[in-house]
Amino acid sequence: MGITGRCSMENTATPADNILIVQNVEKIFNQGKRNEVYVLKGINFQMRLGDFFALMGPSGSGKSTLLNIVGGLLKSTTGSVSIKDTILNDLDDDSLTEMRSKHIGWIFQSFGLIDNLTALENVIIPLNLAGVYEEEAENRAKELLRIVGLEDRADHFPDGLSGGQQQRVAIARALANDPFILFADEPTGNLDTQTGLEIIELFKDLAKMGKAILMVTHDVSLAHASDQVFILRDGVVEKELEEITAL
Ligand SMILES: Nc1ncnc2c1ncn2[C@@H]1O[C@H](COP(=O)(O)OP(=O)(O)OP(=O)(O)O)[C@@H](O)[C@H]1O
Ligand SMILES: [Mg+2]
């Protein structure tokens, strides 16, 4: 195991630079009950636009829990998360839903495409939900499919696409409303190594285009393609400073 250093708020970035600020986040499931699980014990980190970070850690260490909290899908027990100067903890359900649809994109291991819709139609759905329709939605969806390298597969249904291509459609869909930040929970978990690497290259390109990307992965080589690897262990996040081994 390589050397790690506790990640603290002594980051040189000023708050204004940060698109995501996570402060003292704790999560206790079933608090006060016999089946209580103290998963997160004070998490602090920040991200700026253009950052591509990887989050690793043993199974059950709380990676998905942390991602769900910072992405506004789950409430923390204590602590705060802010995205683009808005503290998620202060938002009511409607405002949180709006924040998620406007500023956050999600990518999951299982792609989550709708089977009876084409690639193009899958990307159009979040645009329609955000009030963008017809030609404008179609043009935007085509442009997103071009960005992920799938312009020639727009009319294919998911079962006519490879796993890597399906994940590219899911990424185009996540980009539909031009979010600041993308959260990806084991996005390459269902892909072979080479296809996984191609998805990571796409993430690197998106980071260069100014997106912030936080990706959970179990794959050390994929994690090392990111700008910074964080390791979640025993409820705290450590910033990896030197070589790590598989988790
Ligand atoms: N809704 C819940 N209620 C109770 N405990 C939960 C709940 N969700 C997660 N946990 C517990 O929190 C811990 C962390 O789970 P989490 O899914 O975040 O781990 P993970 O690091 O993503 O694991 P994996 O690598 O296997 O995906 C686990 O011990 C899990 O059992
Ligand atoms: Mg998980």
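A polar contact is a pair of N or O atoms within 3.5 Å; within protein, one must be able to donate a hydrogen and the other to accept it, and residues adjacent in sequence count only if both atoms are side-chain atoms. Before you start: this is a predicted model, where local features need pLDDT of at least 70, side-chain atom pairs count only at pLDDT 80 or more, and totals for chains, interfaces and linings use all residues. Residues are numbered from 1 along each chain as written, chains are lettered from A and ligands numbered from 1 in the order in which they are written, and side-chain values use heavy atoms, with hydrogens and water left out.

**Exercise 1.** Find the atoms of Ser61, Lys63 and Ser64 that pair with an oxygen atom of ligand 1.

*Solution.*
- Step 1: Begin with Ser61, where a backbone N or O atom sits 3.3 Å from a ligand oxygen.
- Step 2: Move to Lys63; here a side-chain N or O atom is 2.7 Å from an oxygen of ligand 1.
- Step 3: Ser64 also uses a side-chain N or O atom, at 2.9 Å from a ligand oxygen.
- Step 4: Now look at the cover: on its own, ligand 1 has 640 Å² of accessible area, and the protein covers 60% of that (Shrake-Rupley method, 1.4 Å probe).

**Exercise 2.** Work out which helix gives the most to the shell around ligand 1.

*Solution.*
- Step 1: Helices are DSSP runs of H or I, at least four residues, and strands are runs of E, at least two, numbered from the N terminus.
- Step 2: The winner is helix 1 (residues 63–70), which supplies three residues.

**Exercise 3.** Describe the ring pair Phe45 and Phe230, and say what it ties together.

*Solution.*
- Step 1: Rings of Phe, Tyr and Trp (its six-membered ring) pair if their centres lie within 6.5 Å; planes under 30 degrees apart are stacked, over 60 edge-to-face, and the rest tilted.
- Step 2: That rule gives five aromatic pairs.
- Step 3: Phe45 and Phe230 are 5.6 Å apart centre to centre with 40° between the planes, a tilted pair.
- Step 4: Phe45 is in strand 3 (residues 37–48) and Phe230 in strand 10 (residues 228–233), so the pair links parts 185 residues apart in sequence.
- Step 5: Both Phe45 and Phe230 are buried (under 20% relative accessible area; exposed is over 50%, partly exposed in between; 1.4 Å probe, protein chains only).
- Step 6: Add Phe53, and you have one aromatic cluster with Phe45 and Phe230.
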